[in-house]
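Got the viewer open? Here is a walk through one chain, stop by stop, with what to select and what you will find there.

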Amino acid sequence: MDLETPCIVSRIAIEAGGVSKRMGVGRKFGKGESLEKGLSLISEAKEEDAMKRTTLEQFLSQTVVCLHGLEENVSSVINGDFPDLLKTFEERIERLQQRDYCILVAGETSSGKSCLINLLLGVDLLPYSILSTTSTICEIKYGQHPKLVAHYKNDGDNSRSPLHPKTITLSKPNDCGKSYRDQIAPYVHLKEKRQEGSSYEKVEIFWPHELLKVGIVIIDSPGVGESEEMDQILMRYLPKAFAFIYVISCSDAGGIQKDRMCSFRQAREAAILAYDSSFIDEDEFVLLYDMCHSKNPELPYQNYESFELDNIDEAECEVQFRFKKHEVPVLAGAMGVPGRFTCPQGTICDGMEALCMLLQRFRYPCRLTQWNDQLLSPRCLRRYAEAVARKGGALANCFGFIDGTVRAICRPGQMQRLVYNGHKRALALKFQALALPNGLIGNLFGPVEGRRHDSAMLVDSGLLTALEEHAFGDGQPMCVYGDPEYPLRIHLQAPYRNRPYITPHADGSLQQVNEHCSCCS
């Protein structure tokens, strides 16, 4: 055993999406049986660690006394072989006397570390999101009154005195209009220029909780591999920790594997059996059953007609391939296209069909990614908005509906994680489409990697900028309607959300607005 610190290593594998679903936004967590067992386990581990520290400290102290009592000739021999032995023992005794029992929580980026800590503390304290969130070391300690102390980094200039830590009192949400998570986020969540790192070396959060009151300190760390600097800091914290929790997101770990896909049915049967035997409650059963359900669409490929160039007329051939019908075989001969292609997965494709597929891809312009002045003219926008209003839409200026769509693809040989969509549980590419009331697509962006969030696609597409420049009818701003994940803008509306600072109307009018807009989309 390492004499420096007794370390209890715990590996906790959790499904990050499941934790987020159970937590919800702004929810206060009850002390369920499983949470009570977790806190009790941590307290028991702390007491066991304290006993081991005391025993080891006594043993080292007695060893130091014996070393001081040795005869000079024996002491000289030991000092010759181990010159710093006494100093090492004294340093380790000093470390064993510390009263802080650190629990280090680590894991990959967006694996759910902050969610787990919020669940342990029973309060929505640390910020979390789909993207990378925690950007610096965050120590959660006991304090009678909630507060935050941010320690600035040393810029390396020894001629200047270091900056004093910044102390912020965390106000109650009802007093300041902000949740604790929103008050803490600016100091631990770096949204831009993450490669440059945070300006804070660490952030201390003092919080009144029975688990922290006994001397336990919970340390939230950035994702493993977030930066080389953070990895070095994490390794310095590791020897000081008496417990180590590594959080794994099961939805991303190891990519999608064939043997896992084949076990979905067995997993559902096991969930049903566990529910019938009262091992899990109804909420856990619904969550597990949904997680083990394949989201891959079943496409009826066998019903599609086989491709035959002879069955295509002249006009369609020129539109689809930008070549006249008699020119395609000439082009195939000039290019030396073989009679057939055998794809890596074993699919056999006729050479003429393969050439036509290539020509169709080449002729596809990106017209839909630009603002179409004919399809989206001010006159057309007004007509679209009137059609939406006649259908029962609550917004008089809404002319279209925006959403991201996922299209499953075959498993690539490399970089599977980039195209894996955790929400749909599928390897896929994503598109962003603006649908109009006449059934046409007014704007299309993509494809992008399947893991990209809809809000990220919105930024990359530049659609918001185009709406701000062109989406007007009779001088009034026109808007599109999307799901709650999109930001609220003048030209982009979303459903009313269930937030504590929004007072629900007694007649349920906010809910009616959401229902009317959703039925139109």
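Start by selecting helix 13, residues 314-321: it supplies 3 residues, the largest share, of a negative patch. One thing to keep in mind as you click around is that this is a predicted model. To light up the whole patch, add D313, E314, E316, E318 and E327, which gather as negative charge on the surface. Now zoom in on E318, which sits in helix 13. Is E318 buried, or partly exposed? Its relative accessible area is 44%, so E318 counts as partly exposed.

**Next stop: a nonpolar patch**

Clear that selection and pick M335, L358 and F362. These residues form a nonpolar patch on the surface, and together they have about 330 Å² of accessible area. F362 belongs to helix 15, which covers residues 351-363. Color F362 by accessibility and you should get 64%, which makes it exposed.

**Into the interior: helix 7**

Now select residues 180-188, which make up helix 7. How many of the residues of helix 7 are buried? The count is 7 of the 9, so helix 7 is largely enclosed by the rest of the structure. The buried ones to show as sticks are Y180, R181, Q183, I184, A185, Y187 and V188.

What do those buried residues pack against? Show these elements around helix 7, since each of them takes part in the packing:

- strand 3 (137-142)
- strand 4 (147-152)
- strand 5 (166-169)
- helix 6 (173-176)
- strand 6 (200-207)

Keep strand 3 and strand 6 on screen for the next stop.

**A chain of salt bridges**

Side chains of opposite charge can pair when their charged atoms come close. The count for this model is 9 salt bridges, and here are some to look at.

Select K202 and E139 first. These two form a salt bridge, with their closest N and O atoms 3.7 Å apart. K202 is in strand 6 and E139 in strand 3, so you are looking at a link between distant parts of the chain, 63 residues apart. The partners sit in unlike surroundings: K202 is partly exposed at 22% relative accessible area, whereas E139 is buried at 7%.

Now add E204 and K141. Their side chains meet in a salt bridge at 2.6 Å, N to O. E204 lies in strand 6 and K141 in strand 3, so this pair also ties together parts that are 63 residues apart in sequence. Buried or exposed, these two? E204 is buried, with a relative accessible area of 9%, and K141 is buried as well, at 18%.

Finish this stop with E204 and K202, whose side chains meet in a salt bridge at 4.0 Å, N to O. With that pair in place, you can see how shared partners join E139, K141, K202 and E204 into one network.

**Backbone oddities**

Switch from side chains to the backbone. Select G446 and P447: the peptide bond from G446 to P447 is cis, with omega near 0°. P447 is in strand 14, residues 441-449.

Then go to M415, which is not a glycine but has a positive phi of about 55°. M415 sits in the loop between strand 11 (398-408) and helix 17 (416-419). Its relative accessibility is 57%, so M415 counts as exposed.

R425 is another one to click: again not a glycine, and again with a positive phi of about 55°. Where is R425 found? Look in the loop between strand 12 (420-421) and strand 13 (426-435). R425 is buried, with a relative accessible area of 15%.

**Zoom out**

Time to show the whole protein chain. It has 20 helices and 18 strands. Of its 521 residues, 36% count as buried. The accessible surface comes to about 32,100 Å², with 53% of that belonging to carbon and sulfur atoms. If you have contacts drawn, consider those between residues at least 6 apart in sequence: 66% of them join residues at least 24 apart.

Terms used. Residues numbered from 1 in each chain as written. Predicted model: local features only at pLDDT ≥ 70, side-chain atom pairs only at ≥ 80, totals over all residues. Heavy atoms only, no water. Helix = DSSP H or I, 4+ residues; strand = E, 2+ residues; numbered from the N terminus. Buried < 20%, exposed > 50% of the residue type's maximum accessible area, 1.4 Å probe, protein only. Contact = heavy atoms within 4.5 Å. Areas by Shrake-Rupley, 256 points an atom, 1.4 Å probe, with all protein chains shown as cover. Patch = residues over 30% accessible without salt bridge, like charges linked within 9 Å, V, L, I, M, F, W, Y side chains within 5 Å. Lys, Arg positive; Asp, Glu negative; His and termini not counted. Charge placed at Lys NZ, Arg CZ, Asp CG, Glu CD.
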